[in-house]
Amino acid sequence: MFTVDKKDVAKILVQFGVYGEVSGTEELLRYHYERDDPDSKEVRLILKISFLDRAPMVVKFKNEEGVTQAMVQEQTAFSEHLASQGVLTARYYCSEEGYVLRRTVNGYTVLITAEDFQPGEIKTVNPSIAERTGRLLALAHNIAERDRCRVNAPVLFDPFNRNDLFSFEIFEAFGPRFQGEDEVLFRRICRAYQERMERLAPLRGRERYAVQGDISDCNLFLTPDGRVGMFDFNNCGDNILFCDAVMQGVFHARLMDYERTRTEAYSSELLNSFLAGYQSERPFSEEEQSMVPHLCAVIAAFARIHLIYRADCLKNRLASGDRAGVSEMLQEIEARIHV
């Protein structure tokens with residue numbers, strides 16, 4: 001297992017121009033790739049570093065498939081550019097080689113970045129936080145478009161490519177397993193999906209610009225004067241800005257931790273607050289306004305959490321032979337695609 005100690009961290013930080021005396025390290029995140037492959041050298045380790053004589057920092061170690069030094073350099077450079085234009089982000093430290101070091105540490109070759117630790121991490125979302133987050137995202141989008149910022153990396157939430165939020169392809173793959181009335185309902189849902197996507201088709205040709213890519217509660221912080229900032233650009237890449245706005249808004253409204261029990265009404269309130277904040281800085285065009293319901297419908301209908309992740313997901317109902325449960329979920333999906 002990949003490990004680093006205080007001495008390792010101190011040697012690394014000197015290369016970023018940081019000479020404070022390290023007093024301790026705390027794991028904020030570790031991905032256990034070794035669980036699937038004991039010989040794996042893949043790593044993602046995020047440490048909070050405490051000092052005797054300065055404010056804490058965060059050091060990230062990464063060796064993951066598809067993640068290159070050039071990609072991480074572009075992601076951190078975009079964060080720094082946003083900061084230079086007034087967006088609150090965590091400050092990255094630069095070495096003679098750039099924002100990213102490639103080093104072999106205790107037998108693992110890793111990419112290393114260092115940034116300031118941001119206190120005030122947002123733990124729960126309410127309409128006020130949602131509104132301020134929407135405004136923050138719009139400011140970042142305006143800067144990315146104005147300065148034509150791009151990062152050559154995929155994003156989590158892209159309705160026309162890779163998407164970790166929803167997936168019609170997963171739903172479609174279940175098709176051969178439906179029978180009788182369920183098969184009829186399945187085909188009806190597929191037709192409704194195609195109709196929604198036809199309405200969204202004009203978006204395909206739009207230019208893509210750099211986005212933070214994961215506006216979630218664990219990647220946001222609140223300052224003492226009430227401003228919202230963002231950090232963690234690990235999923236930063238290029239996306240259609242309108243799509244990023246709506247999809248991040250839906251994610252914010254449905255998949256966070258909330259100050260009160262989340263109901264459909266509360267989710268709608270949070271989404272409306274997020275989009276209102278966004279449009280206060282970056283208004284949607286009339287065409288975009290007409291597309292919001294279509295994008296929200298396909299997200300709601302084919303959310304991965306309902307298809308493959310929850311205990312009562314469609315995948316598990318099919319596997320257990322719960323035909324009544326499958327029929328019930330198909331009816332729910334049809335209702336969502338028609339909202």
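**Aromatic pairs, cores and a two-sided helix**

F233 is buried, with a relative accessible area of 2%. This value, like the others reported here, was computed from a predicted model. The residue F233 takes part in an aromatic pair with F78. In general, a pair of aromatic rings is described by the distance of the centres and the angle of the planes. For F78 and F233, the centres are 6.1 Å apart and the planes form an angle of 70°, an arrangement classed as edge-to-face. Because F78 belongs to helix α2 (residues 69-84) and F233 to the loop between β8 (228-230) and β9 (237-239), the pair ties together parts that are 155 residues apart in sequence. F78 also counts as buried, at 4% relative accessibility.

A further aromatic pair, formed by F221 and F231, is stacked, with 6.0 Å from centre to centre and 25° between the planes. F221 is located in strand β7 (residues 220-222), whereas F231 is located in the loop between β8 and β9, so this pair ties together parts that are 10 residues apart in sequence. Both rings belong to buried residues: the relative accessibility is 4% for F221 and 15% for F231. In the whole structure, the search finds 16 aromatic pairs. One aromatic cluster is formed by F168, F171, F178, F186, Y193 and F302.

Some of these aromatic residues reappear in the nonpolar interior. The largest nonpolar core holds 86 residues, and the members that touch the most other members are F78, F171, F302, L314 and I333. The element that gives the most to this core is helix α6 (residues 241-254), which supplies 9 residues. Among the contacts of I333, sequence neighbours up to four places away being left out, are F171, F302 and L314, together with I189, A301 and L307. A second core, separate from this one, consists of 23 residues, including V18, I49, F51 and V59.

V59 is also one of the residues touched by T113. The residue T113 is placed in strand β5 (residues 108-116) and is buried, with a relative accessible area of 6%. Beyond four places in sequence, T113 touches F16, V58, V59, K60, V72, T76, Y92, Y99 and V100.

Strand β5 also helps to cover the buried residues of helix α1. Within α1 (residues 6-15), the residues D8, V9, I12 and L13 are buried. These four residues lie on the same side of the helix, because the arc that they cover around the axis is only 125°. Such a pattern can be read from helix geometry: an α-helix has 3.6 residues a turn, so residues three or four places apart point the same way. On the other side of α1, K7 and K11 are exposed. The cover over the buried residues includes, besides β5, the strands β1 (22-31), β2 (43-51), β3 (57-63) and β4 (101-105).

Both ends of α1 show local features. The N-terminal end is capped by D5, in which a side-chain oxygen lies 3.1 Å from the backbone nitrogen of K7. Just after the helix, G17 adopts a positive phi of about 80°.

Two lysine residues are placed over aromatic rings. K41 lies over the face of Y108, at 4.2 Å from the ring centre. In the other case, the charged end of K48 sits over the ring of F117, 4.1 Å from the centre of that ring.

Definitions and conventions:
Residues numbered from 1 in each chain as written. Heavy atoms only, no water. Helix = DSSP H or I, 4+ residues; strand = E, 2+ residues; numbered from the N terminus. Buried < 20%, exposed > 50% of the residue type's maximum accessible area, 1.4 Å probe, protein only. Contact = heavy atoms within 4.5 Å. Arc of directions from axis to C-beta. Polar contact = N/O pair within 3.5 Å; in protein donor to acceptor, adjacent residues only side chain to side chain. Core = buried A, V, L, I, M, F, W, Y, C linked by side-chain atoms within 4.5 Å. Phe/Tyr/Trp six-rings, centres within 6.5 Å; stacked < 30°, edge-to-face > 60°. Lys NZ or Arg CZ within 6 Å of the ring centre and 35° of its normal.
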